[in-house]
Amino acid sequence: MKIGIIGAGSIGLLAGAHLGKHHEVHMFVKKEEQREILAAQGIICEQFTEAVPVHAHLVTQMSEGYDLWMVTIKQHAMDDFLDQDLPGDAPFLFLQNGMGHLEKLSQAGLKSCVGVIEHGALAKGQNVVDHRGQGNIQIAVYKRMDPIQGQALSKELHTAHFPVVFKEQYEPMLKSKLIINTVINPLTALFSQPNRSILTNPSINELARFLCEEACSVLGLSFFEEWERVKKVAEATGENHSSMMKDITENRLTEVDSISGYILDHGKCPLPYHHFVLHAIHALEYERGVRKR
Ligand SMILES: NC(=O)C1=CN([C@@H]2O[C@H](COP(=O)(O)OP(=O)(O)OC[C@H]3O[C@@H](n4cnc5c(N)ncnc54)[C@H](OP(=O)(O)O)[C@@H]3O)[C@@H](O)[C@H]2O)C=CC1
Ligand SMILES: CC(C)(CO)C(=O)C(=O)O
């Protein structure tokens with residue numbers, strides 16, 4: 001397949017390195033400097049013995065003639081991305097944490113799939129990525145795509161080292177990941193703690209339970225099942241720093257609006273714990289100069 005990957009950060013580079021072994025991969029980036037490095041040196045995945053050659057372009061040069069677009073930018077970059085003229089001939093696979101992008105995508109009129117990522121990846125330079133946690137990518141069709149097309153797509157992308165799993169329904173898939181992120185991410189970011197603190201710090205554990213209860217009530221999920229799952233993920237990724245904690249530490253805007261904000265927007269009664277963490281994360285972003293108000 002001829003695959004265009006939008007965004008060459010942690011996940012874009014990881015996907016480019018794996019898919020570039022079997023497909024014609026084109027990376028689409030914002031800066032000319034990064035485009036030149038990717039075109040000249042390919043992607044260096046620290047776990048591979050050789051660099052993976054890829055084509056590289058500026059994101060303003062997207063055109064028709066691709067088989068798939070894979071979008072690996074963060075939630076807060078989605079508005080600008082969707083505002084540009086996008087080619088309509090190929091499906092788009094959106095791989096963001098949170099659910100804030102769904103409404104925007106349904107208005108965009110694209111053939112679209114959504115996915116969740118269970119890998120851990122960290123970009124260490126403009127073309128270097130460290131694959132820190134092996135997992136899979138789950139995908140489901142969202143708009144203007146037949147499930148049969150989605151299934152065929154996941155089969156074409158799937159390899160043993162970069163597994164892609166097809167899911168019949170997008171909503172349960174995204175909700176399961178949202179619960180994990182709305183409980184673990186803000187608390188670990190607020191208290192600058194690794195994911196295991198959800199289990200080991202009694203007060204963080206108490207706050208996590210309340211966040212989980214609120215999220216389950218909004219999403220219509222069983223608290224007992226979801227709380228067990230949150231604890232398993234906190235254990236399995238115990239040493240990791242959540243993506244929100246990393247964003248705060250590195251003075252970047254977080255994805256809190258599409259995670260905790262999504263729960264708040266869809267709740268029908270007061271959600272004091274979500275309300276607090278959303279504003280607490282906003283406060284940290286504001287103090288770091290990345291949020292205006
Ligand atoms: N990293 C991980 O382990 C995991 C990530 N995820 C999710 O995957 C998504 C991507 O995360 P991650 O890769 O870590 O994020 P990164 O910040 O590492 O990468 C995002 C990249 O997108 C680029 N970008 C932003 N806007 C555009 C645009 N319009 N056109 C082209 N490129 C653009 C950014 O460039 P610039 O920096 O120049 O703005 C950056 O290089 C997030 O939703 C995240 O929550 C989920 C699970 C695990
Ligand atoms: C699963 C978890 C919590 C792993 O750190 C994650 O998805 C994130 O940090 O965004």
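Is Glu46 buried or exposed? Glu46 counts as exposed, because it has 12 C-beta neighbours inside 10 Å and the cut-off for that class is 12 or fewer. Keep in mind for every view below that this is a predicted model.

**View 1. Glu46, in the loop between E3 and E4, sits beside residues from far along the chain.** Leave out the residues up to four places away in sequence, and Glu46 touches Val128 and Asp130. Look for His131 here as well: 85 residues separate Glu46 and His131 along the chain, yet their C-alpha atoms are 7.1 Å apart.

**View 2. Three strands make an open sheet, in the order E3-E9-E8.** The pairing in this sheet is mixed. Strand E3 (44–45) and strand E8 (120–123) are the edge strands, each pairing on one side only. As a reminder, strands of a sheet pair through backbone hydrogen bonds, and they can do so parallel or antiparallel.

**View 3. E8 and E9 form a hairpin.** There are 4 residues between the two strands. E8 runs antiparallel to strand E9 (residues 128–133), and 4 bridges join them. Two of the bridge pairs are handy for finding your way: Leu122 partners Asp130 of E9, and Ala121 partners His131 of E9. Asp130 is also one of the residues that Glu46 touches, so to speak a link back to the opening view.

**View 4. Helix H1 (residues 10–19) lies across E3, E8 and E9.** The helix runs at about 105 degrees to E8. How many of the 10 residues of H1 are buried? The count is 10 of the 10, so H1 is largely enclosed by the rest of the structure. Among the buried residues of H1 are Ile11, Leu13, Leu14 and Leu19, along with Gly12, Gly16 and His18.

**View 5. Ligand 1 has 29 residues around it.** Which of them come nearest? They are Gly7, Gly9, Ile11, Ala77 and Asn97. The elements giving two or more residues to this shell are H1, strand E2 (24–29), helix H3 (78–83) and E8. Sorted by class, the shell around ligand 1 has 13 nonpolar, 11 polar and 5 charged residues. Ile11 is worth picking out, since it turns up in the list of buried residues of H1 too.

**View 6. Ligand 2 takes the largest share of its shell from helix H6 (residues 170–191).** H6 supplies 4 residues. The residues around ligand 2 include Ile180, Asn181, Ile184 and Asn185, as well as Asn195, Val233, Thr237 and Asn240. Ser242 and Ser243 are in the shell too, and so is Asn97, which is also among the residues that come nearest to ligand 1. By class, the shell of ligand 2 has 3 nonpolar and 8 polar residues, with no charged ones.

**View 7. Leu58 is in strand E4 (residues 55–58).** With 13 C-beta neighbours inside 10 Å, Leu58 counts as partly exposed. Setting aside neighbours within four places in sequence, its contacts are Val29, Glu32 and Arg35. Ser243, from the shell around ligand 2, is 26 Å from Leu58, C-alpha to C-alpha, and 185 residues away in sequence.

**View 8. The protein chain is assigned two domains, domain 1 (2–168) and domain 2 (173–287).** Their centres, taken over C-alpha atoms, are 25 Å apart. Where they meet, 15 residues of domain 1 are in contact with 15 residues of domain 2. On the domain 1 side, strand E7 (112–117) and strand E10 (137–143) are the elements giving two or more residues. That side has 4 nonpolar, 9 polar and 2 charged residues.

**View 9. Arg144 and Ser192 each have a positive phi without being glycine.** Arg144 lies in the loop between E10 and helix H5 (147–157), and its phi is near 60 degrees. Because 14 other C-beta atoms lie within 10 Å, Arg144 is partly exposed. Ser192 is in the loop between H6 and helix H7 (197–200), with a phi of about 50 degrees. Ser192 counts as exposed, with 11 C-beta neighbours inside 10 Å.

Definitions and conventions
Residues are numbered from 1 along each chain as its sequence is written. Chains are lettered from A and ligands numbered from 1 in the order in which they are written. This is a predicted model: local features need pLDDT of at least 70, side-chain atom pairs count only at pLDDT 80 or more; totals for chains, interfaces and linings use all residues. Two strands pair if DSSP finds at least two bridges between them. Two residues are in contact if their C-beta atoms, placed from the backbone, lie within 7 Å. Axes are lines fitted to C-alpha atoms, for helices over the stretch in contact, and angles run from 0 to 180 degrees between N-to-C directions. A residue is buried if 20 or more other C-beta atoms lie within 10 Å of its own, exposed if 12 or fewer, and partly exposed in between; C-beta atoms are placed from the backbone. A residue is near a molecule or strand if its C-beta atom, placed from the backbone, lies within 6 Å of it. Ala, Val, Leu, Ile, Met, Phe, Trp, Tyr, Cys and Pro count as nonpolar, Asp, Glu, Lys and Arg as charged, and the others, Gly among them, as polar. Domain bounds come from an automatic or database domain assignment.
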